[in-house]
Every structure is written in structure tokens, then in C-alpha cells.
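Q: Could you take me through the place where the ligand sits, step by step? I am new to reading structures, so a friendly tour would help.

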Amino acid sequence: MNRKYRKTVIAGNWKMNQLASGVKPFIEELKEHMPKTRSCDVVLCTPAVMIPAMVKAGKDCRVAAGGEDVSKFEKGAYTGEISADMLADVGAKYCIVGHSERREYHHESDSLVNEKAKALLAKGIAPIICVGESLEQREKNLTMEYIAYQVCAALSGIDGTQVRRCIIAYEPIWAIGTGKTATAEQAEEVCCEIRAVIRRLYGARSARAVSILYGGSMNAKNAAELLAQPDIDGGLIGGASLKPADFATIVAATAQG
Ligand code: PGA
């Protein structure tokens, strides 16, 4: 973390777990565990139908609401889609794009991820752009090359002012939901490279202003070590964000340093 230049962000990703009726009890329990003083922004990204409940309950606990996906289209005849405008209208401040589960199960391409990020920026929502290599790519030593490509593709056409509102989440696919976390060293190496890519594209000032998160089996036990790395500015947390006490412990871990 480097709080002098950029925000620390702890973001939960509830995926397709929980129900809207579970939001209020979750936040009430979370409140009991949350540290009194906060050294980071906290967000819970949920399916769109839960965002209004999160906005309402989250106010009490300084938890912002975020979406998990957005349409690339602004409006119109796109049955089933949810636009950035709709997310903003119900109070979402953040939205995940390009999660590996969407890339895999919904065949989302890098250019689609880029269009979605731009759609969010146009409506004042901070995109949390996910990038990450597969185990096969890591074993073939292709990690850095692939991550650099993904970051460039996701940021295509985004200008130097807008990029500072983007959050990049490095999520090695092999670490998501597997209990296999990247070591702090592995995670830092890639997050540092992501910042170097942003520096090449936008210059040093923008690069040091962008928050880069780590995601992939981050939990109450390993968070402090990961967050102690200079280029890791927070976490994108799946499984552990469904447990109020664990999520609060991760938030508390940002108080170090
Ligand atoms: P995990 O998920 O923390 O359960 O590994 C992270 C994510 O998919 O964002």
C-alpha cells in the first residue's frame, strides 16, 4: 500500500451467493466486527438486484455498493442487460468488469471488457478491471506478457484523467476460489508490473495514483502480508467477503504501515 498517492480499497465480490434479504443482517453483523477507524474504502459488489439494499444498509457502516457486471450498451433493446446508468441511478459507486468467471463462462473478450469499463466511467462509476493469468500461462512463463497485454487492452481509449478513476484487480485464475493464494512476492511482482505498464501508457503521476488490488483466496490470515506489499493497494475478496468477521479482519489489516 502507498496511502500517500492512492486509495486503499477492500472490495468484496459476492458473486451469485446471498440474497437481497440477507444484506441487512450481514451488514449488522459486519458493523460489530469493523474497526472503529478506517484506513481504506470498503465496497461490497453484489448482483444488481441487491444494490439498493446494500446502498441502504451500507450507509450505516460506510460500505459502498458495487455491481459485478454491466452492459456495454448505454440503453435500448437489450433484454436482460443492466446499464451503467441504471447502476448509478440506484447508487452503485463501483463495478467489477472482466472477472475471469465472466471471461470464461460468458466468453467476454478484452475489447468487451474495455467497452464496459468505458461505459462505467461515462456514468461516474469506478470500474474494477480484473486481469489474471491461467496456471498454464504461469507455468510457461507467460504471466508478465499476458498481464501487460490485458491491461493495455482494457485501458484502450481511456485517457489520463479517467485512468485515475480505474481500479485494477490482479486475480491469478489459479488462485480464485481454490484456497491457493499467490505468495506475497508473486502478487507484488505482477502488481508492480501492472503499475509499470500504466506508467508507460500514462506517465509516472497517473501510475502512482491508480489503486491495484490483489484477488484470489485472500483471507483473514494472509491479508496483512499481501497488503504490506508496496504495489498492492487492497483486495478483491470472494469467499471471505461472505463472512462478516473475516471481511472485517481484512479491512482491519489495512491499518498497518
Ligand atoms: P476468492 O474469489 O477470494 O473466493 O478466491 C476472488 C474473486 O473471484 O474475486
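**A look at the ligand site**

A: Let's start with one side chain. In this predicted model, an N or O atom in the side chain of N13 is 3.4 Å from an oxygen atom of the ligand. Now move along to K15: here an N or O atom of the side chain is 2.7 Å from a ligand oxygen atom. G177 takes part through its backbone instead, with an N or O atom 2.7 Å from an oxygen atom of the ligand. How much of the ligand does the protein cover? On its own the ligand has 290 Å² of accessible area, and the protein covers 95% of that.

Next, let's see who the neighbours are. The ligand is surrounded by 13 residues, and the closest are K15, H99, E171, G177 and S217. Sorted by character, this shell holds seven polar residues, four nonpolar ones and two charged ones.

S217 deserves a closer look. You will find S217 in the loop that runs between strand β7 (211–215) and helix α10 (223–227). Is S217 buried or exposed? Its relative accessibility is 16%, and buried means under 20%, so S217 counts as buried. The side chain of S217 also has a polar partner within the protein: one of its polar atoms lies 2.7 Å from the backbone oxygen of A175. Leaving aside residues up to four places away in sequence, S217 touches A175, G177, T178, G179, K180, T181 and N222. Notice two names in that list: A175 is the residue whose backbone oxygen we just met, and G177 is among the residues closest to the ligand.

Finally, let's step back to the protein around this site. Its secondary structure comes to 11 helices and eight strands. The radius of gyration is 17 Å, close to the 18 Å that the globule rule gives for 257 residues, so the protein is as compact as a globular protein of that length. Along its principal axes, the C-alpha trace spans about 45 × 45 × 35 Å. Of the 257 residues, 53% count as buried, and S217 is one that counts as buried.

The contacts tell you about the fold too. Among those with a separation of 6 or more, 73% are between residues 24 or more positions apart. As for the outside, the protein exposes about 11,700 Å², with carbon and sulfur atoms supplying 52% of it.

Terms used:
Residues numbered from 1 in each chain as written. Predicted model: local features only at pLDDT ≥ 70, side-chain atom pairs only at ≥ 80, totals over all residues. Heavy atoms only, no water. Near = heavy atom within 4 Å. Polar contact = N/O pair within 3.5 Å; in protein donor to acceptor, adjacent residues only side chain to side chain. Areas by Shrake-Rupley, 256 points an atom, 1.4 Å probe, with all protein chains shown as cover. Nonpolar A, V, L, I, M, F, W, Y, C, P; charged D, E, K, R; others polar. Helix = DSSP H or I, 4+ residues; strand = E, 2+ residues; numbered from the N terminus. Rg over C-alpha atoms; globule rule 2.2 N^0.38 Å. Buried < 20%, exposed > 50% of the residue type's maximum accessible area, 1.4 Å probe, protein only. Contact = heavy atoms within 4.5 Å.
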